[in-house]
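Trainee: Could we go through this structure together, asking at each step what justifies the label?

Mentor: Gladly; have a look first, and then we can talk.

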Amino acid sequence: TAAALKDLAGVLCAKTGTSNNENDAWFVGFTNDLVVAVWVGYDSKNVRANLGSSFTGAKVALPIAEKIIRASFT
C-alpha cells in the first residue's frame, strides 16, 4: 500500500493501516537511520466522525511521512 515509496524497497520497511471505523489512519516506516510514524485521526472516543471511506493510511498518512523520509535522503 506504500506504492509511493516503491523506489525505496530494500532500504525502507513500512506498514500503513486504517482502523475499522475509518477514524484513524497511520504509516510507520524505518530505515537504518530513521524511524517515522504518522497518525491521522480522532483522539477521542466521544467524537462520532470518521476520516471518510477513501481516507486510508496510504492516502492520508503516507504523503506526510514521504516528505520526511525523502528529505532524510538529501
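What follows is a conversation about a predicted model.

Trainee: Let me start with the charges. How many salt bridges does a search of the whole structure find?

Mentor: The search gives 2 salt bridges. R70 takes part in one with D7, and R70 also forms one with E66.

Trainee: What makes R70 and D7 a salt bridge?

Mentor: The rule asks for a side-chain nitrogen of Lys or Arg within 4 Å of a carboxyl oxygen of Asp or Glu. The closest N and O atoms of R70 and D7 are 2.8 Å apart, so the pair meets that cut-off.

Trainee: Which parts of the chain does that pair tie together?

Mentor: R70 belongs to helix α1 and D7 to the segment before β1, so the contact links parts that are 63 residues apart in sequence.

Trainee: And how do you know that R70 and E66 qualify?

Mentor: Their closest N and O atoms are 3.0 Å apart, and the limit is 4 Å, so this pair also counts. Both residues are in helix α1, 4 residues apart, which means about one helical turn separates them. Taken together, D7, E66 and R70 are linked in a network of salt bridges.

Trainee: Why is D7 called exposed, while R70 is called partly exposed?

Mentor: Exposed means over 50% relative accessible area, and partly exposed lies between 20% and that value. D7 has 54%, so D7 is exposed. R70 has 29%, so R70 is partly exposed. E66, at 21%, is partly exposed too.

Trainee: Now the ring of F55. What makes you say that a charge sits over that ring?

Mentor: The charged end of K59 is 5.8 Å from the ring centre. The distance limit is 6 Å, and the charge must also be within 35 degrees of the ring normal. K59 is listed as sitting over the ring of F55.

Trainee: How many aromatic pairs are there?

Mentor: The count is 0. The rule needs ring centres within 6.5 Å.

Trainee: On to the strands. How do you know that β1 and β2 pair?

Mentor: Pairing needs at least two bridges. β1 (residues 13–18) and β2 have 6, in the antiparallel sense, so they pair. One of the bridges joins K15 to V28 in β2. The two strands form a hairpin with 5 residues between them, and E22 in the turn has a positive phi of about 55°.

Trainee: What about β2 and β3?

Mentor: They run antiparallel and are joined by 7 bridges, with at least two needed, so they pair as well. A hairpin of 4 residues connects them. Among the partners, F27 is opposite V38, and G29 is opposite V36.

Trainee: V28 is in β2. What surface patch does V28 belong to?

Mentor: V28 joins W26 and W39 in a nonpolar patch on the surface, with about 290 Å² of accessible area together. Patch members need over 30% relative accessible area; V28 has 38%, so V28 passes, and that value counts as partly exposed.

Trainee: Last one: why is G52 called buried?

Mentor: Buried means under 20%, and G52 has 16%, so the label fits. G52 lies in the loop between β3 (35–41) and α1 (57–72). From C-alpha to C-alpha, G52 and N23 are 7.8 Å apart in space, although 29 residues apart in sequence.

Technical notes:
Residues numbered from 1 in each chain as written. Predicted model: local features only at pLDDT ≥ 70, side-chain atom pairs only at ≥ 80, totals over all residues. Heavy atoms only, no water. Patch = residues over 30% accessible without salt bridge, like charges linked within 9 Å, V, L, I, M, F, W, Y side chains within 5 Å. Areas by Shrake-Rupley, 256 points an atom, 1.4 Å probe, with all protein chains shown as cover. Buried < 20%, exposed > 50% of the residue type's maximum accessible area, 1.4 Å probe, protein only. Phe/Tyr/Trp six-rings, centres within 6.5 Å; stacked < 30°, edge-to-face > 60°.
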